[in-house]
Amino acid sequence: MNANELDQVMQIWLQSNIDAHNFIPVSYWEGNYDLVKTMFPKADVYVYIDDDKLIGFIGIMDTYIAGIFVDKKVRSKGVGKQLLDYAKEIHHELTLHAYRQNERAVAFYEREGFKVINEDMDEKTSQREVEMEWKAK
């Protein structure tokens, strides 16, 4: 990610979280916007560009996937899988957290070889959250 792509990344981050987590108030995501914006430059953020347009990204801190986010107009077209495949190429193991109610995300990661290794309550949102892990074979 280039510094000039940060605003585009943040718009995709916000819209994706609102869309995927209808069980969490929108105000939670809006309230964390500025904090997350300061954290992005500290992570490895790999963007997906199509026709000179940023349409998705994956954020990784060490081997932790902070999230995969794809523009609403192109979701379910393989962009997230390609971003995850790239992460698997450069890491031998990966971990992440996903909300249990975000069944689509949990199913996606399970299809991609991730296993649930822990489940707990996210105290900030009062939602069940699973910790998932993937290891190269």
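Is D62 buried or exposed? With a relative accessible area of 67%, D62 is exposed. Keep that residue in mind, and remember throughout that this is a predicted model.

## Two loop residues with positive phi

Let's stay with D62 for a moment. You'll find D62 in the loop between β2 and β3. Its phi is near 60°, which is a positive value in a residue other than glycine.

Now look at S76, in the loop between β3 and α3. S76 isn't a glycine either, yet its phi is positive, at about 65°. Its relative accessible area is 64%, so S76 counts as exposed, the cut-off being over 50%.

## The sheet

Next, the strands. Six of them make up an open sheet, and if you walk across it the order is β1-β2-β3-β4-β6-β5, with mixed pairing. The edge strands are β1 and β5 (115–122), each of which pairs on one side only. On average, neighbouring strands in this sheet are turned by 25° against each other, if you ignore direction.

Start at the β1 edge. β1 and β2 run antiparallel and are joined by seven bridges. To see this pairing on your screen, find Y48, which stands opposite G56 in β2.

At the other edge, β5 pairs with β6, again in the antiparallel sense and over seven bridges. Here V116 has M132 in β6 as its bridge partner. β5 and β6 form a hairpin with four residues between them, and S126 in the turn has a positive phi of about 60°.

## Strand β4 and its partners

What makes β4 largely enclosed by the rest of the structure? Five of its seven residues are buried, so there's plenty of protein around β4. On one side, β4 pairs with β3 in the parallel sense over two bridges, and I65 stands opposite L96 in β4. To get from β3 to β4 the chain crosses through α3, and this β-α-β crossover is right-handed.

β4 also pairs with β6: the two run antiparallel, with seven bridges joining them. One spot to look at is L94, which stands opposite W134 in β6.

T95 is another residue of strand β4. Its relative accessibility is 16%, so T95 counts as buried, the cut-off being under 20%. Which residues does T95 touch, leaving aside its neighbours within four places in sequence? They are T63, Y64, I65, M132 and E133.

Just before the strand, in the loop between α3 and β4, sits H91. H91 is buried, with a relative accessible area of 15%. Again leaving aside neighbours within four places in sequence, H91 is in contact with I60, D62, T63 and W134. There's our opening residue again: D62 is exposed, and D62 is also one of the contacts of H91.

## The nonpolar cores

How many residues are in the largest nonpolar core? It has 21, and those with the most contacts inside it are I65, I68, L84, Y109 and F114. The elements that give two or more residues to this core are β2 (53–61), β3 (64–70), α3 (79–90), β4 (93–99), α4 (103–111) and β6 (127–135).

L84 is a good residue to click on. Not counting residues up to four places away in sequence, L84 touches I58, I65, I68, L94, F108, Y109, E112 and F114. Apart from this core lies another one, of 18 residues, among them V9, L14, Y33 and A43.

## Helix α1 and its neighbours

Helix α1 covers residues 6–20, which makes 15 residues. From its first C-alpha to its last it reaches 21 Å, close to the 21 Å expected at 1.5 Å a residue.

The buried residues of α1 are L6, V9, M10, I12, W13, L14, S16 and N17. They pack against α2 (26–39), β1 (44–50), β2 and β3. The helix packs on the sheet, touching β1, β2 and β3, and the direction of α1 makes about 80° with that of β2.

Finally, a look at α2, the helix that holds L35. L35 has 48% relative accessibility, so it counts as partly exposed. L35 and Y99 are 64 residues apart along the chain, and their C-alpha atoms are separated by 20 Å.

Terms used: Residues are numbered from 1 along each chain as its sequence is written. This is a predicted model: local features need pLDDT of at least 70, side-chain atom pairs count only at pLDDT 80 or more; totals for chains, interfaces and linings use all residues. Side-chain values use heavy atoms; hydrogens and water are left out. A nonpolar core is a set of buried Ala, Val, Leu, Ile, Met, Phe, Trp, Tyr and Cys residues joined through side-chain atoms within 4.5 Å. Buried means under 20% relative accessible area, exposed over 50%, partly exposed in between (1.4 Å probe, protein chains only). Contact means heavy atoms within 4.5 Å. The expected span of a helix is 1.5 Å times one less than its number of residues. Two strands pair if DSSP finds at least two bridges between them. A crossover is right-handed if, with the strands pointing away from the viewer, the path from the first strand over the helix to the second runs clockwise. Axes are lines fitted to C-alpha atoms, for helices over the stretch in contact, and angles run from 0 to 180 degrees between N-to-C directions.
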